[in-house]
Amino acid sequence: MKRHGSRIDPPNRFEAVHREEDYADFEHDPEEVAGRQAREIEYLIDDTQSLVTSNDSPDVAFNYSANPYRGCAHGCSYCYARPSHEYLGMNAGLDFETRIMVKTKAPTLFREFLCKKSWRCEQIVFSGVTDCYQPAERKFRLTRGCLEVASEANQPIGIITKNALVARDVDLLASMAERSLVHVNVSVTTLDPALAASMEPRTSVPTAKLRAIRTLSEAGVPVRVMVAPIVPGLTDSEIPKILAAVSDAGAKCAGYVMLRLPLTVEPVFFEWLRRERPLEAEKVENNLRSAGGGKLYDARWGKRQVGEGPVADRIRQVFDLFKRQHGLTGLPPLDCSQFRPPRSASGQGTLF
């Protein structure tokens with residue numbers, strides 16, 4: 001069966017009608033059911049006219065982000081971005097990971113944004129929502145194209161990814177790092193290859209992530225590791241060995257985010273958990289409720305990413321202890337003073 005994190009098509013909260021597959025006629029034919037649940041990935045053209053978006057969330061450490069793709073073939077069962085696909089008339093389950101919107105004009109749109117006279121240089125992060133180095137990037141190379149524009153303009157960039165494909169662009173990233181223009185954030189959720197293959201099926205395997213961290217670090221690229229998300233009762237016990245492994249690979253900083261289950265993420269994640277890890281399901285649910293004030297998800301600013309209470313406190317204390325022990329304390333600052341607008345998409349320069 002093709003690897004998917006979700007096997008369901010949950011209702012789109014914006015639509016009144018929902019269609020479900022009826023497998024009653026196939027209950028004695030599991031191969032047929034498996035075939036219907038395995039879908040090919042579709043790449044759909046997203047003709048959006050803008051790329052960079054702003055946010056004012058107090059929980060997010062950056063103000064501007066850019067996402068060349070919408071939807072994500074990584075198929076992570078826990079992905080907080082899944083509900084964003086509902087705005088496109090699709091669902092947060094299988095649609096999110098098999099119907100990928102591709103912003104084919106992304107490098108041009110990024111160039112146009114940086115040419116705006118109103119732009120006051122600060123960090124722009126790729127990607128604040130879906131992974132900019134997901135499998136689609138191998139074919140479309142849109143993130144690479146945007147990095148080339150950023151390098152030309154000396155525009156500081158942050159990257160968030162869980163795909164070792166980021167190491168493909170080490171030449172660009174190393175050049176930008178020499179000018180203090182880039183930070184790379186690599187998400188490492190688990191070091192267990194079997195768990196990773198089930199929970200985040202099309203991401204890079206843990207050893208490949210560590211290899212990418214080492215490649216980037218040896219090239220002088222500052223790397224932060226995000227242990228994200230921590231699933232209490234399933235992956236929190238791995239915190240010490242993850243931090244030891246990423247430190248050995250050359251990472252300079254580490255952070256974490258507790259599992260978040262906004263909106264349609266909850267049914268997708270729990271369908272996966274009960275299907276793949278039934279023995280841990282009750283423990284995970286109880287721990288989430290403990291960290292969420294009795295709820296599976298506490299959406300309050302300042303709480304939604306770390307939780308509160310005994311379970312959350314224990315995770316924070318363990319993380320802080322091993323973070324200090326391995327010296328994963330910070331990255332060098334980015335330099336915005338070198339920015340200059342790139343040449344325009346038309347090739348026309350400016351006089352002033």
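Ile213 touches Val186, Val188, Val223, Val225, Val246, Ala249 and Ala251, where residues up to four places away in sequence are not counted and contact means heavy atoms within 4.5 Å. Together with Phe110 and Ile124, Ile213 touches the most other members of the largest nonpolar core, which holds 67 residues. Apart from this core lies another of 22 residues, among them Leu195, Val231, Leu261 and Val284. A nonpolar core is a set of buried Ala, Val, Leu, Ile, Met, Phe, Trp, Tyr and Cys residues joined through side-chain atoms within 4.5 Å, and buried means under 20% relative accessible area (1.4 Å probe, protein chains only).

This is a predicted model, in which local features need pLDDT of at least 70 and side-chain atom pairs count only at pLDDT 80 or more, while totals for chains, interfaces and linings use all residues. Residues are numbered from 1 along each chain as its sequence is written, and side-chain values use heavy atoms, with hydrogens and water left out.

Ile213 also takes part in a helix contact. Helices H8 and H9 (DSSP runs of H or I, at least four residues, numbered from the N terminus) pack at an angle of about 35° with their axes 8 Å apart; axes are lines fitted to C-alpha atoms over the stretch in contact, and angles run from 0 to 180 degrees between N-to-C directions.

| Helix | Residues | Contact residues |
|---|---|---|
| H8 | 206-218 | Leu210, Ile213, Arg214, Ser217 |
| H9 | 239-249 | Ala245, Val246, Asp248, Ala249 |

Note on methods. Helices (H or I, at least four residues) and strands (E, at least two) are DSSP runs, numbered from the N terminus. Buried means under 20% relative accessible area, exposed over 50%, partly exposed in between (1.4 Å probe, protein chains only).
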